[in-house]
Structure formats: structure tokens, C-alpha cells
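Hi there,

Here is the structure I promised to pass on to you. Please have it open while you read, and my notes on it follow right below.

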Amino acid sequence: MKQFGESKIGGDDLISAVKWIEDMMQSEDFRNLAARLPPPDPGALDMIANPTIRAFIDYQMHLCIEELTPYRRQIRLIAERLYEKEELTGDEIYALFN
């Protein structure tokens, strides 16, 4: 089984996420958890046909946004540097966080 973390950057990430969740849907406990999630507002995830999978991805995206919000400044700096250089070393990224 392909691991979620092995996906390519870009559009393949959403395809990998859907496949990952489809695999998780084999578990009754996971299906019950995902079925309780509210459907997301119309938007970019509308291309995902299964409403339960769409709701779970939307839920996970909101959790990620919450976790990353304190690092907004650093993320912006990384984006700006990548726009300038197209590539950063680990040390360069580390320096942006300190």
C-alpha cells in the first residue's frame, strides 16, 4: 500500500489523500468517525465524489491550518525565499524559524 507521505507535490497530493482515506474506510470505526463529520461548503474539494471522504479531507485541512497558523510569518518567509531561489537548505529554513 502506498503511504500518504510518499505522494508527489501538487495535484497528486489530493489523489493520494483520497486513496489513503479509501483504504482507511475499510475500518468500521473509521467509517463511523468520518460519517459524523459535516459536509464541507462547496469549493475546491467538490471534485471528490464521495461526500464522506470529502468531509474528512476538509476536516483534516482545517486541523492543519490551525496547527500552522502560529507559523504564518515563517511560512510566508519560506515562500518568499523559494520564489527568489527555488530551493532552500535545511539550515536556511531553520534560520527563518529562529
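The notes below go from the overall fold to single contacts.

**Overall layout**

Please keep in mind that this is a predicted model. The protein has five helices and zero strands, so to read along the chain from the N terminus you meet α-α-α-α-α, where helices are DSSP runs numbered from that end. Of its 98 residues, 23% count as buried.

**Helix α3**

Most of my notes touch on α3, which covers residues 51-68. This helix has 18 residues and spans 26 Å from its first C-alpha to its last, close to the 26 Å expected at 1.5 Å a residue. At its start, a side-chain oxygen of N50 comes to within 2.8 Å of the backbone nitrogen of T52. Buried residues in α3 include I53, R54 and A55, and F56, I57 and D58 are buried there as well.

Y59 is also found in α3. Which residue lies 25 positions from Y59 in sequence, yet 9.4 Å from it in space? It is A34, with the distance taken from C-alpha to C-alpha.

**Aromatic pairs**

How many aromatic pairs are there? The count comes to three. In one of them, the ring centres of F56 and Y59 are 6.3 Å apart and the planes meet at 40°, so this pair is tilted. Both residues sit in helix α3, three residues apart, which is about one turn of the helix. Are these two partners buried or exposed? F56 is buried, because its relative accessible area is 5%, whereas Y59 counts as partly exposed because its relative accessibility is 39%.

Another pair is made by Y71 and F97, and it is tilted too, with 6.0 Å from centre to centre and 50° between the planes. This pair links distant parts of the chain: Y71 belongs to the loop between α3 and α4, F97 belongs to the segment after α5, and 26 residues separate them. Y71 counts as partly exposed because its relative accessibility is 39%. F97 counts as partly exposed as well, at 34% relative accessibility.

Ring pairs also join F30, F56 and Y59 into a cluster.

**A nonpolar patch on the surface**

Y71 and F97 turn up again here. Together with L68 and I75 they form a nonpolar patch on the surface, and the four have about 350 Å² of accessible area together. L68 has its place in helix α3. Why does L68 count as partly exposed? Because its relative accessibility is 46%, and partly exposed is the class between under 20% (buried) and over 50% (exposed).

**Salt bridges**

There are two salt bridges by the count. One joins E80 and R76, whose closest N and O atoms are 3.3 Å apart. Both residues lie in helix α4, four residues apart, or about one turn of the helix. E80 is partly exposed, with a relative accessible area of 36%, and R76 counts as partly exposed at 46% relative accessibility.

In the other salt bridge the side chains of K85 and E92 meet, at 2.4 Å from N to O. K85 counts as partly exposed because its relative accessibility is 44%. E92 is partly exposed too, with a relative accessible area of 29%.

**A backbone angle to look at**

Where does E86 lie? It is in the loop between α4 (72-85) and α5 (90-96). The phi angle of E86 is near 70°, a positive value in a residue other than glycine. Is E86 buried or exposed? E86 counts as exposed because its relative accessibility is 71%.

**To recap**

For a first look on screen, these are the places I would pick:

- the F56 and Y59 ring pair in helix α3, which is tilted
- the surface patch of L68, Y71, I75 and F97
- the salt bridge of E80 with R76, and that of K85 with E92
- E86, with its positive phi

Happy viewing, and best wishes!

Terms used: Residues are numbered from 1 along each chain as its sequence is written. This is a predicted model: local features need pLDDT of at least 70, side-chain atom pairs count only at pLDDT 80 or more; totals for chains, interfaces and linings use all residues. Side-chain values use heavy atoms; hydrogens and water are left out. Patches are made of residues with over 30% relative accessible area and no salt bridge: like charges are joined within 9 Å, nonpolar side chains (Val, Leu, Ile, Met, Phe, Trp, Tyr) within 5 Å. Accessible areas come from the Shrake-Rupley method with a 1.4 Å probe; for residues, only the protein chains shown count as cover. Helices (H or I, at least four residues) and strands (E, at least two) are DSSP runs, numbered from the N terminus. Buried means under 20% relative accessible area, exposed over 50%, partly exposed in between (1.4 Å probe, protein chains only). The expected span of a helix is 1.5 Å times one less than its number of residues. A polar contact is a pair of N or O atoms within 3.5 Å; within protein, one must be able to donate a hydrogen and the other to accept it, and residues adjacent in sequence count only if both atoms are side-chain atoms. Rings of Phe, Tyr and Trp (its six-membered ring) pair if their centres lie within 6.5 Å; planes under 30 degrees apart count as stacked, over 60 as edge-to-face and the rest as tilted.
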